[in-house]
Amino acid sequence: MTRVLAPNPSPLTLEGTNTFVVAEPGAGTAVVIDPGPADQGHAQAVVRACGGREVELVLLTHTHVDHAEGARAFADRVGAPLAALAPGWATPGAPDLAAGDPVAAAGLELLPLPTPGHAADHCCFELATERAVFTGDHVLGRGTTVVEWPSGDMADYLASLELLLRLHPERLYPGHGPLVTDAVARVEGYLAHRRDREAQVLAALAAGDRTPAEIVARVYAEVDPSLHPAAELSVRAHLAKLVHEGRVHTDPEGGRFTPA
Ligand SMILES: [Zn+2]
């Protein structure tokens, strides 16, 4: 497994997007996961990282631009099919990831794990022989991921974290940040973080906050204000879960929230 870092650093993408080149040693072909942004230099670096192997298959963890913007052009360039869970993205000859069957390529088997939450179309890939999972934006190498309302779903996200935990992975290869070697502890930490955030959202409502912006100002007071718009989408994802569970009420416009 080789990681190629894309030149798109930002507060949400950390050092940039991790593009992975995966192949069994000795295999004549490789799989590329998340080609990343549309950037010629990055595409060339990924081809170089293939070390003369032909690219047999391109996989997407999800279709956000930092992972997928350059995917079609990259797949065309190397003449490989592109597979993704998102409707309309897969090209002819690509495996159907939704079927959940292991994908055999480059001498390896990668098991698609539909993991909605960060995005509805998110898919991790398990490399069972290494007890490793390519996690895209489901779990990052550092910090926490954003579950953005309305495309993200907090209830789905928590269920997808539980799914990952049940695999007892040893290593995670995230879409951003360093590789994770304490995988179970990291996923448990993510679950605890979301439970804490949910408790904080409920406490903010109990203290009289009524709008997502008010809740963000209280709960994310120590976070860089440039991240508050993203945090508001995460708070809305928590609120949507709590409304669905009947623990919080909202008005017909969905702008104000009260404890049930
Ligand atoms: Zn990303």
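Buried means under 20% relative accessible area, exposed means over 50%, and partly exposed lies in between (1.4 Å probe, protein chains only). The structure is a predicted model, in which local features need pLDDT of at least 70 and side-chain atom pairs count only at pLDDT 80 or more, while totals for chains, interfaces and linings use all residues. Residues are numbered from 1 along each chain as its sequence is written, and side-chain values use heavy atoms, with hydrogens and water left out.

**Exercise 1. State how many residues of strand E3 are buried, and place Ile33.**

Step 1. Strands (E, at least two residues) and helices (H or I, at least four) are DSSP runs, numbered from the N terminus.
Step 2. Strand E3 covers residues 29–33, and 4 of its 5 residues are buried.
Step 3. Ile33 is located in strand E3. Ile33 counts as buried because its relative accessibility is 1%.
Step 4. Contact means heavy atoms within 4.5 Å. Leaving out residues up to four places away in sequence, Ile33 touches Asn18, Thr19, Phe20, Val22, Leu59, Thr61 and Phe134.

**Exercise 2. Find the partners of E3 and the order of the sheet.**

Step 1. Two strands pair if DSSP finds at least two bridges between them.
Step 2. Strand E2 (residues 18–22) runs antiparallel to E3, joined by 3 bridges. Here Phe20 stands opposite Ile33.
Step 3. E2 and E3 form a hairpin with 6 residues between them, and Gly26 in the turn has a positive phi of about 90°.
Step 4. On E4 (residues 54–59), E3 pairs in the parallel sense over 5 bridges, with Thr29 opposite Glu54.
Step 5. The open sheet has 5 strands in the order E1-E2-E3-E4-E5, with mixed pairing. E1 (2–5) and E5 (82–83) are at the edges with a single partner strand each, so one side of each has no neighbour in the sheet.

**Exercise 3. Describe how helices H6 and H7 pack.**

Step 1. Axes are lines fitted to C-alpha atoms, for helices over the stretch in contact, and angles run from 0 to 180 degrees between N-to-C directions.
Step 2. H6 (residues 212–219) and H7 (residues 228–244) pack at about 110°, with axes 9 Å apart. H6 is therefore roughly perpendicular to H7, a term for angles of 65 to 115 degrees.
Step 3. In H6, Pro212, Ala213, Ile215 and Val216 meet His228, Ala231, Glu232, Val235, Arg236 and Leu239 in H7.
Step 4. These contact residues divide into 7 nonpolar, 1 polar and 2 charged. Nonpolar covers Ala, Val, Leu, Ile, Met, Phe, Trp, Tyr, Cys and Pro, charged covers Asp, Glu, Lys and Arg, and the others, Gly among them, are polar.

Note on methods: Parallel < 35°, antiparallel > 145°, perpendicular 65-115°, else oblique.
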